[in-house]
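Let's take a walk through a protein model and see which side chains meet which. Keep the viewer open and click along as you read.

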Amino acid sequence: MALFPASALQPGVRKREVFGWAMYDFANSGYTTVVITAVFAAYFVGGIAKGAPWAAFAWTAALSTSYAIVMLTMPAIGAWADMRAAKKRVLVLATLGCVFATAALAVTPSFSGTGGVALAMALIIVSNAFYSYGESLTGAFLPELATAEGMGKVSGWGWAFGYVGGMLALGICLAYVLWSQSKGLPAAHFVPVTMLITAAIYGFAACATFALLPERAQPRAAGNEQGAWQQLLATYRQARAYRDFMWLLACTVCYQGGVAVAITLAAIYAEQVIGFVASETMVLIFVLNIAASLGAFGFGYVQDRIGHKVSLAGTLVAWIAVCVIAALVTTKGGFWWAATIAGLAMGSSQSAGRAMTGYLAPPKQLAEFFGLWTFATRLASIVGPLSFGAITWMTGGNQRIAILSTTVLFVAGLLLLLPIDMQRGRQAALRASS
């Protein structure tokens, strides 16, 4: 528990509560690492869809559909949770939804043709939507736990724990895949088991969060779902009062679009462009998670020292370098360099973005404002991967052009970061809750 110095925590917050909160990042990271990045993404394209020209586009379309659902619903869910002090209750439901849908992915190799593609897409839509709800709700607990000065550290701890959880899930899955391959078993045999492993780790690890993390918020109004929508519309009407937060949302849409490309398409790019096999891809993603964990943990301390804005700007420059290197290299060794830089940039950029959101969000509307942040990140997750898939399709499968085009998203994010005044935005958030 020495990782959680009291100076970074809000008065009355116990270290075990922060540990419980960080354990949710540990729990849910296996889903993105195994399902979205390392295993199921590549299996969907090469196994279920049989490498069809439209396969990468179908994968990104399924993810985009889930993100559209979250965009339309999460801000209102956040407003509802704020009014009823129900963040933890909704988090439990979101976790159960993702765990069961992930386990259900185990049956998809049993189906063939369009039926298998349709079922896989439907389960990805459901599981990823529930995952996104959980990610937003757990982020809304951050300002209740950390001081304004310690938010970067605490956010970094959570992301670092998350990547450790992702490595655990991926490591167990990798061991099973290697054993299966040594026995000559096909992907249709070992992919279902990896889905069950991922679901089990998610569910069991999340229990630590539910046991240790309390709901500190107090209900603000009885109301009904209409009241949640009215509150959300009122916040949109008052957008000018939170102009720095709104600039952050615009910045987030751009740079997170690029990050989403790395998360959802790294395995596909590694296997189809660079020539990795499944086991090599899993090792690559495992090492990427190590780099991301170190980046999130170490950068959290740097972020609190040099400032959130400067920190995020530095990571966006690193992302631009990643895209250029990945587009130009032709060897596995060269791609390893790009993946390592991407890991460091991924952990630090995601930690910085969450900490900035917590810093600029009004203390009495945390779930609502994190719902707006989720709206931005999920819009980004539509724009980034879908544009990658569309460019790949239009260029006859040229993923190098598509990954190079992703630099535009990071450059745009860097430009939209410039107008943000963190102190002005913090004062606006505090005035809204006074």
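## Charges sitting over rings

Before we look at an example, here's the rule: a charge sits over a ring if NZ of Lys or CZ of Arg is within 6 Å of the ring centre and within 35 degrees of the ring normal. Keep in mind that this is a predicted model. With that said, find R426, which lies over the face of Y359 at 5.1 Å from the ring centre. There's another case to look up: K332 lies over the face of F276, and here the distance to the ring centre is 5.7 Å. Remember K332, as it comes back later on.

## Rings that pair up

A pair of aromatic rings is described by the distance of the centres and the angle of the planes. How many aromatic pairs does the count come to? The answer is 13 aromatic pairs. Take Y31 and Y131: they form a stacked pair, 5.3 Å centre to centre, with 25° between the planes. Y31 belongs to helix α1 (residues 15-38) and Y131 to helix α5 (residues 113-139), so this pair ties together parts that are 100 residues apart in sequence. Are these two buried or exposed? Y31 is buried, and Y131 is too.

Now hop over to Y269 and F335. Their ring centres are 5.7 Å apart and their planes are at 25°, so this pair is stacked. Again, distant parts of the chain get linked: Y269 is in helix α10 (residues 243-274), F335 is in helix α13 (residues 332-360), and their positions lie 66 residues apart in the numbering. Y269 and F335 are both buried. You can also hunt for a group of rings: F40, Y43, F44 and W59 form one aromatic cluster.

## The nonpolar core

Several of those ring residues turn up again here. The largest nonpolar core has 133 residues, and the members that touch the most other members are F40, F44, W59, I124, V154 and F335. Which helix gives the most to this core? It's α10, with 15 residues.

Zoom in on F44 to see what such a residue touches. Leaving out residues up to four places away in sequence, its contacts are A49, A55, A58, W59, V117, A120 and M121.

## T108, a residue in a loop

T108 has its place in the loop between α4 (87-104) and α5. Why does T108 count as buried? Its relative accessible area is 0%, and buried means under 20%. A polar atom of the T108 side chain lies 2.7 Å from the backbone oxygen of L105. Setting aside residues up to four places away in sequence, T108 touches F40, I48, L119, A120 and L123.

## I320 and a far-off stretch of sequence

I320 is in helix α12 (residues 308-328). Compare its position with V408: the two are 88 residues apart in sequence, yet 8.5 Å apart in space, C-alpha to C-alpha. What does I320 touch, not counting residues up to four places away in sequence? The contacts are T407, F410 and V411.

## Salt bridges

Side chains of opposite charge can pair when their charged atoms come close. This structure holds six salt bridges. One of them joins E17 and R216, at 2.7 Å from N to O. The pair links distant parts of the chain, with E17 in helix α1 and R216 in the loop between α8 (187-212) and α9 (225-237), 199 residues apart. E17 is buried, at 8% relative accessible area, whereas R216 is partly exposed, at 32%.

R424 and D244 also meet in a salt bridge, again with 2.7 Å from N to O. R424 is in helix α17 (residues 422-432) and D244 is in helix α10, 180 residues apart. R424 counts as partly exposed at 31% relative accessibility, while D244 counts as buried at 2%. And here's K332 once more: it forms a salt bridge with E280, the closest N and O atoms being 3.0 Å apart. E280 lies in helix α11 (residues 278-306) and K332 in helix α13, 52 residues apart. Both are partly exposed: E280 has a relative accessible area of 29%, and K332 has 33%. Last stop: K87, E144 and E215 are linked in a network of salt bridges.

Terms used. Residues are numbered from 1 along each chain as its sequence is written. This is a predicted model: local features need pLDDT of at least 70, side-chain atom pairs count only at pLDDT 80 or more; totals for chains, interfaces and linings use all residues. Side-chain values use heavy atoms; hydrogens and water are left out. Rings of Phe, Tyr and Trp (its six-membered ring) pair if their centres lie within 6.5 Å; planes under 30 degrees apart count as stacked, over 60 as edge-to-face and the rest as tilted. Helices (H or I, at least four residues) and strands (E, at least two) are DSSP runs, numbered from the N terminus. Buried means under 20% relative accessible area, exposed over 50%, partly exposed in between (1.4 Å probe, protein chains only). A nonpolar core is a set of buried Ala, Val, Leu, Ile, Met, Phe, Trp, Tyr and Cys residues joined through side-chain atoms within 4.5 Å. Contact means heavy atoms within 4.5 Å. A polar contact is a pair of N or O atoms within 3.5 Å; within protein, one must be able to donate a hydrogen and the other to accept it, and residues adjacent in sequence count only if both atoms are side-chain atoms. A salt bridge is a side-chain nitrogen of Lys or Arg within 4 Å of a carboxyl oxygen of Asp or Glu.
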